[in-house]
Amino acid sequence: MTTAAAQAPSRVQTPNPPPPGPVTPRPKPSRTSSLQSESGPTSKTASADASQTPAQLGGAAARRSARPAFPTTDPLSDKATALLIRRILCPQHIEKAKSAPAPIEELLPPLTSRNDVDLQLYALIAIILREYIQNWYNKITPDETFVAEIVQIIAHITRALEQRLRKVDLESLLFDEIPDLLDKHITAYRIAHDPITQAPIRTNAREIYHSLYPLPALTPVPRPEDPESVAQQAENEVAYRQLLVHAVLAILLPTEDLENGCLTALVGQIFSELIIGNSVANKLSEPWMILEMIIIATRTLGKRKAIEDENPSGRPGKGSSAGRRGLSSVQGLFWMVVHWCFLATSFIRLAFTVLMTTRSLPPRSSHSTAQRKNVVQHEVGPDSGPLKMPVLAFRCWSAISNLIEMDVRMPWLCGALSMVQWVTMTGPGRIAAVDGKLDR
C-alpha cells in the first residue's frame with residue numbers, strides 16, 4: 001500500500017471554479033514556448049554547473065577528458081595511403097577479403113627494390129589514374145583489366161629505369177655534368193641581364209639567353225603581346241616532352257608492349273603530360289612550391305632536433321641564457337678553448353684515418369670504366385683509354401665559385417684555392433690526381 005501510494009500521482013488542489021459566463025478559447029502553445037519548455041532541464045543543468053565550485057568543475061572536466069575519444073586517422077599516414085591504393089587499384093580484392101586484406105606487396109607488382117618507396121609511388125599513380133583515366137573509363141565499362149595493364153607497364157618501366165640507374169656513374173653525374181650545366185646557365189643568365197647597351201636601347205634578356213644557349217622546347221621566345229608566339233612555344237614544349245618520353249619508352253619497354261600503339265600512346269601521355277608537364281613543369285618548378293618544400297623539410301628536421309635535444313627538466317631557456325652568460329666569463333672562455341681543441345683533434349684524427357685507409361680502397365675509376373668506355377671511345381676514338389677525371393677537377397667547384405662570385409668578391413682566396421688545387425693534382429705526390437690518396 002505504501003509503495004502504491006508512493007507511485008500514485010499526487011492530486012493538486014485547484015481553486016474554486018470560475019462563475020459561469022462566456023467561454024474563451026485557450027490559445028495554442030507556440031513552437032517557441034514548447035521549445036523553451038523542452039529546454040528547461042538543460043537550462044537547469046547549466047545553472048547548476050554555474051553554481052558549482054571550481055574544484056567541482058575541475059573534477060567534471062577531468063571525468064570528461066577521461067572518456068575515450070573517437071579514433072582519428074592521419075590522412076598522411078601509411079595506413080591511409082594503403083587504403084587509398086586498395087580502393088583505386090585493387091577494388092576487387094577489397095570485396096573478397098575485408099577481414100584480413102593481403103599486403104600491397106602481394107597485390108601489386110613491385111616498382112622499385114624498396115617497399116616504402118613503392119607505397120608512395122603507388123599513391124601518386126593511383127591519384128593520376130583516378131583523376132585522368134578512371135573518371136571516363138568507368139563510364140564505358142566496369143572492367144578493371146585496362147587499369148591493371150597500365151599498372152603493369154608502369155611497374156616494368158620503373159624497374160628497368162632503376163636497373164639502368166644502378167649502372168650510371170652517379171658521382172660524375174652529380175658533381176661534374178649537372179654542375180657544368182648550372183655553371184653555363186649562371187654565366188648565360190648574367191650576360192643576358194647585363195647588356196652593353198644603355199637605357200634608350202632596349203634588349204630582351206630572354207632573347208639574349210636563347211641566342212647563347214638555344215633550347216628547342218623553349219623556342220620561340222613567348223611574348224605577351226604576341227599570342228601566336230605563346231601558343232607556338234607551348235606546342236613545341238609538348239612535342240619535345242612527347243619525343244623525350246617515347247625515346248625513353250623505346251629503351252625500357254619490351255618489344256611486344258612497344259608494338260601496342262594504344263598502350264604506348266596512353267602511357268606516353270601519362271608520363272609526358274600528367275607527370276612531367278603537370279606535376280614537374282607546372283608545380284614542382286614553381287618558386288612557391290620549392291619554397292614550400294624547403295619549409296616542410298626544415299620544419300621536419302626542426303621537430304626531430306627538438307625531440308632529440310629536449311631537456312628532461314623542461315627549462316631549456318634558463319640553460320641557454322646561463323650558457324650565454326658563462327661565455328662572457330673566464331670559465332666560459334676556458335671551456336670554449338677546450339671544445340675547439342677537441343674539435344681540431346677529432347678533425348686531424350679523421351683526416352689521418354681517411355688517408356691511411358685509402359691504401360685498401362679500390363681505384364675510384366674501376367667501377368665506372370666499363371660504363372663510360374663505349375661513350376668515351378665514340379668521342380675520342382677507339383685507341384684512346386677511358387676518360388678519367390680527378391674529384392678536384394669536377395665542375396662543381398667552379399660552379400660554386402661562379403655562383404657566389406668568389407673571383408670578384410674574394411680574388412685572393414679564389415687564387416689561393418686554385419693554386420692549392422693545381423699543386424695537389426700535379427705537384428709532388430699527386431695526392432689529388434686520379435686514384436690518388438685524396439681522390440679515393
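A residue is called buried when its relative accessible area is under 20%. In the predicted model described here, Ser-272 has a relative accessibility of 1% and therefore counts as buried. Across the chain, which has 440 residues, buried residues make up 21%. The secondary structure consists of 22 helices and zero strands. The accessible surface of the chain comes to about 33,200 Å², and carbon and sulfur atoms account for 63% of that surface. Among contacts with a separation of 6 or more, 56% join residues 24 or more positions apart.

The largest nonpolar core comprises 36 residues, and those that touch the most other members are Ile-85, Leu-89, Leu-108, Tyr-122, Leu-129, Ile-150 and Ile-270. At least two residues of this core come from each of the helices α5 (78–89), α8 (115–132), α10, α13 (227–252) and α15. Helix α10 supplies the largest share, with nine residues. The surroundings of one of the core residues, Tyr-122, illustrate these connections. With residues up to four places away in sequence left out, Tyr-122 touches Ile-85, Leu-89, Leu-108, Pro-109, Leu-111, Val-151 and Ala-155.

Helix α15 spans residues 261–284 and contains Ser-272. The side chain of Ser-272 reaches the backbone oxygen of Gly-268 at 2.7 Å. In an α-helix there are 3.6 residues a turn, so residues three or four places apart point the same way. Beyond the residues up to four places away in sequence, Ser-272 touches Arg-241, Gln-242, Val-245 and Gly-277. The C-alpha atom of Ser-272 is separated by 8.9 Å from that of Leu-243, although the two residues are 29 residues apart along the chain.

A second buried serine, Ser-229, is placed in helix α13. Its relative accessibility is 5%, and Ser-229 therefore counts as buried. The side chain of Ser-229 reaches the backbone nitrogen of Arg-223 at 3.1 Å. When residues up to four places away in sequence are not counted, Ser-229 touches Pro-220, Val-221, Pro-222 and Arg-223. Of these contacts, Pro-220 lies in the loop between α12 (205–212) and α13. The peptide bond from Thr-219 to Pro-220 is cis, with omega near -5°. Most residues other than glycine have a negative phi, and most peptide bonds are trans.

A positive phi occurs at Glu-405, where the value is near 55° in a residue other than glycine. Glu-405 follows helix α20 and is placed in the loop between α20 and α21. With a relative accessible area of 26%, Glu-405 is partly exposed. Helix α20 itself (residues 395–403) has Cys-396, Ala-399, Ser-401 and Asn-402 as its buried residues. These buried residues pack against α11, α21 (406–409) and α22.

Helix α22 covers residues 411–426 and includes Thr-424. At 16% relative accessibility, Thr-424 falls below the 20% limit and thus counts as buried. Two backbone oxygens accompany the side chain of this threonine. The side chain of Thr-424 reaches the backbone oxygen of Val-420 at 2.9 Å, and a polar atom of that side chain lies 2.9 Å from the backbone oxygen of Gln-421. Apart from residues up to four places away in sequence, Thr-424 touches Leu-392, Arg-430, Ile-431, Ala-432 and Ala-433.

On the surface, a nonpolar patch of about 600 Å² is made by Leu-161, Leu-165, Val-168, Leu-170, Leu-174, Phe-175 and Ile-178. Helices α10 (145–166) and α11 (170–192) each supply at least two residues of the patch. The most is given by α11, which provides four residues. Phe-175 lies in α11 and is partly exposed, with a relative accessible area of 43%. Helix α10 thus contributes both to this surface patch and to the largest nonpolar core. Helix α11 likewise appears in two settings, as a contributor to the patch and as one of the helices against which the buried residues of α20 pack.

Methods
Residues numbered from 1 in each chain as written. Predicted model: local features only at pLDDT ≥ 70, side-chain atom pairs only at ≥ 80, totals over all residues. Heavy atoms only, no water. Buried < 20%, exposed > 50% of the residue type's maximum accessible area, 1.4 Å probe, protein only. Contact = heavy atoms within 4.5 Å. Polar contact = N/O pair within 3.5 Å; in protein donor to acceptor, adjacent residues only side chain to side chain. Patch = residues over 30% accessible without salt bridge, like charges linked within 9 Å, V, L, I, M, F, W, Y side chains within 5 Å. Areas by Shrake-Rupley, 256 points an atom, 1.4 Å probe, with all protein chains shown as cover. Salt bridge = Lys/Arg side-chain N within 4 Å of Asp/Glu carboxyl O. Core = buried A, V, L, I, M, F, W, Y, C linked by side-chain atoms within 4.5 Å.
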